[in-house]
Amino acid sequence: MSTPAIEVRGVSKRFRINQDRQSSLKERLVHLGRPKRGYKDFWALQDIDLDVKDGETVGLLGHNGSGKSTLLKCVGGILTPTTGEIRVRGRVASLLELGAGFHPDLTGRENVFLNASILGLPRRDIEKRFDEIVAFAELEAFIDEQVKHYSSGMYIRLGFAVAINVEPDVLLVDEVLAVGDEAFQQKCLARVRDFQREGRTIMFVSHAADLMRRICDRIMVLERGVPLTTADPETAILTFREHLLGDRLPEGAVLEHGHVVTKDVRLSDVQIRGTGDHGGTHLKPDEPLRIHVRYETDGPVEDVAIALAIYDAQDVLVYSCNSDVIGQPIERLEGSGWLTFQLDPVLVDNTYTVAVGAHSHDVLTEYDYLRGPRFQVVGGGGVVGIANLRPKITRAGPD
Amino acid sequence: MTSPDRPTLVVAPNRSFLERMRAVWQYRELLVGLVRKELKVKYKDSSLGFLWSMLNPAMYLAVFYVVFEVILGSGIPYFVIYLLSGLLAWNFFNGSVTGATGSVVGNGSLVNKVYFPREILPLSTVGAGVVHFLLQNLVLLAALVVFRYGVDLDYLWLALPALAVLLVLTAALGILFAALNVYLRDLQHLLELAMLAWFWLTPIVYPWQLPADQLGARGMSSSLTFLNPMVSIVTTLQRGVYGTASYLDPAGTRVWVLPDGSSLWYLRNLAIVGAFACALFVLAVRVFGRLESNFAEEL
C-alpha cells in the first residue's frame, strides 16, 4: 500500500472563547491597561491520529459537538489545527460548499470558472468540462445570466454540478445528505456511490449511524473531541451506541451486536412465505407475502414495538415501519411465539432483504435486531424502479 | 487514482514562509481568476467601464493642476508630467493596500467554506490594482504625447526597479493589514486617515526640495525625508519619467525639484527600501500565517 491519502498526525484544535471580545480598536484602547479578562479554552479535538487509505471511505461519527465537523474542516484546510499536522494528497473537494464564492453580479458562466478554480480545477480542465457542467445543471438557457437572477434551486444545481465535476481525489461530505429535498439527497448519495466505484477517497461526517453503516469502510467515533475507536462499521457503531446509551443502561442489560440488548425480547428467526402457488421466497409481482418473526421473552414485556424494514438489492430502503407507527401497537409479549406481518406489496423484479427489530416505544432501548433473509420478486416484464405503481391507462377520445 | 504528482495539502500550524509561498504558487490560477472577478465586478454595471479607471487620475490631475499651478503657482515646468509620474504609483499603492485590508473580511463566506491559501485574497486585490495602474498609465502616455515630452532614457529604466519595490511593499502591507483587520475591524477606517496623511507627506504634488529645505533650515539632514519609504520610490519614478532634476525660475535662480543624484544614487535608495520591503513581506506572511488559523472562527 502506498502512502495514505489522508494522514492525520497528533491533531488538536483549541477554540479560545473570549468572555468579552474586544474586536474594535476603540474597545481595545478603552480597555487598555486593564488586566485582560478571562477567556475559556475549549479543546474541540484532542490528539487525533488517522490514516485514510487511497480509495477508502471513512466516516466520522459522533454527536453534535463531538468535533467531527471540526476534524473534517481541518482536513479540508478550512481550519488550522493548534498542534499536529495533516497531509492530504490530491485535489480536495467537498459537497458542503455548494456555490461557495458565487458572485451575484457575475454570470453563471463566469461563476463556473471562478468556483471551479476556487476548488482547484485548472482552467483548461474547466473549459473541457464546461458543457457537461451546464448540461448537468440544466441551465443552458440561463448560463449567461447574472447569478443574482437565479432561483435558489438553480443556484444549488449549478453549485452541485461544479462540485461533482471537479473530479476530486479526496471528497469531504458533511451532513449534506441531511439537507435539501429528498431528490437532492438521493442525487448526492448516488454520486457518493459513483465516487466509491471510481476508487476515490471519501471522508464522511454524520450522526446517522445507519447511513454510515451502508457507506463507510471504517468509522472513527468521536466523543468530545477524543477518538473512542476507529474500526469497522459494526464495531464502531457498537461503541457509539454504548456511549450513547451507556448512562441509561437498564439493570442487568448487556451490550451486544451494536445494540443495547436487555434480552427482554429476543428475535430468533424470520421466515418469509409467499401466498401464491409455491409459497416460497420467489414471488410474483403483486403476490402478497407473510413475514413471520419468532420472538422469545423471559417474562411479560409491555414496552415493546416490532419493526420491519425491507431493502432492495442496491441497499435502498424500500419500506420501514414498526407496530406503533402503523397503529397496531403490541399490548404485551410473553413467552415465545410468532408475529406475522402480512404484506400486500407492489414491488418490481429485484431481490429484497428483510430486517426486523424489537425495541421500546421510545426506540432508546433496543431488544434485538435481525437482518438477512431475502426474497425475490420475479417477472413484471420490464417494469423497473423501486415500487410498482400499477398504472392503468384509460383514454377518452378521439374528440 | 494515485498519481505521483498529486498536489499535497499540508494543514499544520507554523508552516514556513517558503511552504506558504509554494502553496500560493500552486493556486496561481485562482489568483488570476480572482483578479479577473474583481475587475469584472467593479465595472459590471457601469456604462463607462474601464474608462473610469482613467477618468479618476484625469480628474485628480485637473484639480491638482488648478490648485497648484493656477492658484498657488508652483512653477514646476510640465507640472502635469511631474504630477502623474508620482500620482499613479500612489493611487496604485493606496487603492491596493486599502482594498487588500478588507479582502479577508469581505470574503468571509469563502474563508469559512473552502481551502485555498488565504494570502491569495489580498494578493488578488493587489493584482487588480496592477491592472488599474497599467490602464491609468495610458493617461500618462497621452500626456507625454500631447506635450511632446522628451523622456531621458538614461533615467527611464529606473522606473522598473522602482515599480518592483513598490509592488513588494504594497503586497507586504496588504497581507499584513488583511490579517490584522480580521481581529481589529477599525483598522480599515484608521488606514484611510493614515493614507491621507501619508499622501501629503510624500512629494507628489509638491517637489521633494520643499521638505528637504525645511529640514535643512532646522539644521537637519535632508536625507531624513527618505525615512518615508514612499519617498525613495516616488522620487525615483519622477526621476525616471519626468527626468528634470532642476530648472531656472524667471528670476534666474536654480530650483531643485528632485534630489541631485546619479542613477546609481537613486538605485541605492531603492535597494534600501527594497530590502526593507522584502523583510516586511516575509514578516507579513509569517504574521498572516499565525493569525490565519482562527480566521474561520472570527469571520
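Select A:Arg89 and B:Thr8 to begin: in this predicted model, A:Arg89 stands opposite B:Thr8, a residue of strand S1(B). Widening the selection to residues 83-89 of chain A, which form strand S4, and to S1(B) shows the two strands paired in the antiparallel sense, with four bridges between them.

Next, colour the whole boundary between the chains, where 34 residues of chain B are in contact with 44 residues of chain A. On the chain B side, the elements that each give two or more residues are strand S1 (8-11), H2, helix H6 (108-111), helix H10 (187-200) and helix H14 (295-298). Among these, H2(B) gives the most, with six residues. If you colour this side of chain B by residue class, you will find 18 nonpolar, six polar and ten charged residues.

Stay with H2 of chain B, residues 28-43, and add helix H7 of the same chain, residues 120-146; their axes come within 8 Å and cross at roughly 55°. Because angles from 65 to 115 degrees count as roughly perpendicular and those under 35 as roughly parallel, H2(B) and H7(B) are oblique to each other. The crossing in which H2(B) passes H7(B) is right-handed.

To see what makes this contact, show the side chains of B:Leu30, B:Leu31, B:Leu34, B:Val35, B:Glu38 and B:Leu39 on H2(B), and then select B:Ile120, B:Leu123, B:Ser124, B:Thr125, B:Gly127, B:Ala128 and B:Val131 on H7(B). Sorted by class, the residues through which H2(B) and H7(B) touch comprise nine nonpolar, three polar and one charged.

Definitions and conventions
Residues numbered from 1 in each chain as written. Chains lettered and ligands numbered in written order. Predicted model: local features only at pLDDT ≥ 70, side-chain atom pairs only at ≥ 80, totals over all residues. Axes fitted to C-alpha atoms, helices over the stretch in contact; angles between N-to-C directions. Parallel < 35°, antiparallel > 145°, perpendicular 65-115°, else oblique. Left-handed = near helix turned anticlockwise from the far one by under 90°. Contact = placed C-beta atoms within 7 Å. Nonpolar A, V, L, I, M, F, W, Y, C, P; charged D, E, K, R; others polar. Pairing = 2+ DSSP bridges.
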